[in-house]
Amino acid sequence: MLGSGIVKGFVETARNFVGSFHDPERLVTIEYPDERQELPENSRNFPMLVYDGDDPMKGLRCVACKICEKECPPQCIYIEVERDAKGKALKHPRIFDLDISVCMSCQICVEVCPFDAIKMDTAFELSTDNRFGGLLLNKHQLAKPNSYYRAIHPLEAAEVDERLAAEQAKAAAKAKAAAAKAPAPAAVNAVAT
Amino acid sequence: MFELFDQLFVNLKHAVVGALPEGWRGLASPLISAAAILGVFASLFALTVLVERKGLGRIQNRPGPNRVGPAGLLQPLADFIKALTKEDIVPVSADKVLHFLAPVVMLAPVLLAYAVLPFGRNMVAVDFDAGLLFFFAAGACVELAVFMAGWSSHNKFSLLGAMRAIAQMISYELPLILATLGVVMLVGSLSLEDIVDSQAGHHWGWLARWWVFTPWGLAAFVIFLIAATAESNRAPFDLPEGEAELVAGHLVEYSGFKYAIFFIAEYLGLFAVSALAITLFLGGWHAPVAGLDWLPSWFWFGVKLAGFIVFFIWVRGTLPRVRVDHLMGFAWKFLLPLVLWNLVVAAVWWYSRGWAFAGAGILRWVGCAAMILIPYSLLGRALYTRHGLGPRTYRLVA
Ligand code: SF4
Ligand code: SF4
């Protein structure tokens with residue numbers, strides 16, 4: 001009969017109303033910022049620079065090869081190489097700036113980096129009252145420890161750690177072989193983990 | 001003891017008026033009533049907005065406002081301060097005087113309508129012989145205000161919204177008034193006090209003799225509720241301010257406190273029309289069953305009003321906005337014939353009151369109920385299938 005659909009609707013909304021008080025399944029709102037949703041493993045926002053060890057600047061994996069700078073589509077990375085007194089390039093960035101107001105979170109920098117030095121961060125509370133300086137992150141702000149990387153992307157970090165450890169072991173074996181062949185001690189540029 | 005609580009506010013007013021010098025009393029008495037009505041219903045408005053936002057939230061499975069004060073209880077205060085401090089913008093091309101007057105013309109008649117409503121035993125500001133007529137006459141001014149707002153804004157959305165509002169309000173005024181006519185016929189008076197008195201006493205010694213317990217009364221009550229929702233521009237009949245097509249209808253060019261006044265007037269109108277429904281069909285301030293009349297009369301009125309408010313919030317949370325042609329069709333093709341027929345049923349009910357054979361009461365009730373239900377179902381089916389009020393189906397023509 002005319003009107004039965006309306007009654008059905010009333011019953012449905014009444015069920016929602018009552019249910020939202022005792023059934024947590026129904027009340028799905030996560031009251032940010034009091035509560036936070038756990039971010040999924042694949043979430044990403046802006047890149048960060050991973051470092052090993054305790055000193056952020058010494059432990060940076062980045063060797064300032066500038067591949068990411070060239071590949072970044074909106075060109076938001078700016079890198080300058082550290083040079084010693086004689087002007088010889090050291091394998092370290094003197095400046096590593098990333099403009100997150102330009103970055104489009106495409107992750108291409110991460111894909112192209114041969115040294116697993118740049119990874120995607122998940123931090124999203126980046127609002128600032130200074131729209132120029134506040135959004136231009138330098139290498140100190142970008143540097144994050146490997147333990148943090150493991151915490152936010154456990155699966156990916158485990159794979160990277162394994163690969164780096166294998167490479168290191170291979171390099172160590174090669175160095176040992178070289179050392180056995182020639183008595184001169186080879187300088188091992190191993191990546192510490 | 002009962003007398004004390006029941007007449008608490010009445011005696012309080014008498015005490016205050018009595019304390020004044022002789023010459024002031026005539027002026028003070030209505031002023032005190034007006035201040036009381038204004039204070040009570042303005043706070044009720046604040047409370048309703050909060051309950052509505054909370055309730056709608058729960059209906060949509062979200063918590064609703066909960067940041068201002070404990071559990072969001074101070075939200076109305078925050079809204080109030082926001083409305084007060086917002087910039088008041090008047091369009092350059094607007095008719096400044098009318099634009100300013102529209103909210104006032106909207107609120108004043110709504111407040112006037114409260115004058116004749118009996119809120120409890122002896123609690124009516126003005127006991128008019130033609131109270132019902134006065135109520136509707138005052139209520140009709142709202143249409144003027146809406147059109148003033150729409151016209152003076154000099155904005156096509158405003159004007160279209162106002163036109164819609166006028167069309168809707170005039171169409172629904174008919175079923176609204178005709179629905180009350182049954183009660184007037186049987187009581188034989190337009191005074192709301194008399195109408196409440198006519199519902200005193202009990203059936204079988206316990207159930208109150210409210211008009212809503214008669215078949216025609218129930219039908220009139222339901223029609224009255226539908227028409228009242230449309231009259232006060234509530235969802236699902238809030239087409240005049242349909243965001244999707246009209247931005248906010250006649251309210252487009254209003255901001256700040258003028259907008260808030262429209263908002264207040266709309267809610268006060270809703271309370272007034274709910275109060276009228278209580279008075280006409282739900283026994284006014286009478287208790288629903290015999291054993292409960294030890295509670296004060298104004299308490300019962302308040303409980304019923306709260307029930308209406310909850311119901312209107314529930315309706316808003318449930319029903320989607322209707323389409324314009326459906327709105328009109330529903331009023332003219334469905335409600336109007338039904339409410340006219342309902343008057344006939346009310347007359348039958350009146351003339352069968354003298355029946356005195358065995359089972360007469362049941363026969364009278366069932367007979368009248370059938371007289372309403374059968375046309376309702378037939379009319380509903382006919383309109384649904386034949387006159388395009390049902391769901392539309394579209395076919396692609398190759
Ligand atoms: S982050 Fe990677 S790709 Fe970019 S400069 Fe450093 S090492 Fe090279
Ligand atoms: S995520 Fe994309 S846009 Fe952002 S720095 Fe890396 S390559 Fe550039």
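Where in chain B is the place of Asp127(B)? The exercises below work through this and other local features.

The model is predicted: local features need pLDDT of at least 70, side-chain atom pairs count only at pLDDT 80 or more, and totals for chains, interfaces and linings use all residues. Residues are numbered from 1 along each chain as its sequence is written, chains are lettered from A and ligands numbered from 1 in the order in which they are written, and side-chain values use heavy atoms, with hydrogens and water left out.

**Exercise 1. Place Asp127(B) and describe its surroundings.**

Step 1. Asp127(B) sits in the loop between helix 5 (96-113) and helix 6 (131-152) of chain B. Helices (H or I, at least four residues) and strands (E, at least two) are DSSP runs, numbered from the N terminus.

Step 2. Check exposure. Asp127(B) counts as partly exposed because its relative accessibility is 48%. Buried means under 20% relative accessible area, exposed over 50%, and partly exposed in between (1.4 Å probe, protein chains only).

Step 3. Find the partners. Asp127(B) joins Asp129(B), Asp194(B) and Asp197(B) in a surface patch of negative charge. Patch residues have over 30% relative accessible area and no salt bridge; like charges are joined within 9 Å, nonpolar side chains (Val, Leu, Ile, Met, Phe, Trp, Tyr) within 5 Å. Lys and Arg count as positive, Asp and Glu as negative; His and the chain ends are not counted. The charge is placed at NZ of Lys, CZ of Arg, CG of Asp or CD of Glu.

**Exercise 2. Describe the nonpolar surface patch of chain B.**

Step 1. List the members. They are Leu73(B), Leu74(B), Leu77(B), Phe80(B), Ile81(B), Leu84(B) and Phe257(B), and the patch covers about 640 Å². Accessible areas come from the Shrake-Rupley method with a 1.4 Å probe; for residues, only the protein chains shown count as cover.

Step 2. Find the main contributor. Helix 4 (residues 75-85) of chain B gives the largest share, four residues.

Step 3. Take one member. Phe80(B) is found in helix 4 of chain B. Its relative accessible area is 42%, so Phe80(B) is partly exposed.

**Exercise 3. Work out the order and pairing of the three-stranded sheet in chain A.**

Step 1. Set the order. The sheet is open, runs 2-3-5 and pairs antiparallel. Strand 2 (77-83) and strand 5 (136-137) of chain A are the edges, each pairing on one side only. Two strands pair if DSSP finds at least two bridges between them.

Step 2. Follow strands 2 and 3 of chain A. Six bridges join these antiparallel strands. Ile77(A) faces Leu98(A), and Val81(A) faces Pro93(A).

Step 3. Look at the turn. Strands 2 and 3 of chain A form a hairpin with five residues between them, and Gly87(A) in the turn has a positive phi of about 90 degrees.

Step 4. Cross to strand 5. Strand 3 (residues 89-99) and strand 5 of chain A pair antiparallel over two bridges. Here Asp99(A) stands opposite Leu136(A).

**Exercise 4. Locate the backbone exceptions at Pro33(A), Ser105(A) and Asn61(B).**

Step 1. Recall the background. Most residues other than glycine have a negative phi, and most peptide bonds are trans.

Step 2. The bond from Tyr32(A) to Pro33(A) is cis, with omega near 5 degrees. Pro33(A) lies in the loop between helix 1 (4-22) and strand 1 (47-51) of chain A.

Step 3. Ser105(A) has a positive phi near 60 degrees. It lies between strand 3 and helix 3 (108-112) of chain A. Ser105(A) counts as buried because its relative accessibility is 18%.

Step 4. Asn61(B) has a positive phi of about 60 degrees. Its loop links helix 3 (25-59) and helix 4 of chain B. At 17% relative accessibility, Asn61(B) is buried.

**Exercise 5. Trace salt bridges in chain A, starting from Asp161(A).**

Step 1. Apply the criterion: a side-chain nitrogen of Lys or Arg within 4 Å of a carboxyl oxygen of Asp or Glu. The whole structure has 16 over all chains.

Step 2. Asp161(A) pairs with Arg150(A), closest N and O atoms 2.6 Å apart. Asp161(A) lies in helix 6 (residues 154-181) and Arg150(A) in helix 5 (residues 146-152) of chain A, so the pair ties together parts eleven residues apart in sequence. Asp161(A) is buried at 14%, whereas Arg150(A) is partly exposed at 43%.

Step 3. Arg163(A) and Glu159(A) meet at 3.2 Å, N to O. Both lie in helix 6 of chain A, four residues apart, about one turn.

Step 4. Extend the pair. Asp116(A), Lys119(A), Glu159(A) and Arg163(A) are linked in a salt-bridge network.
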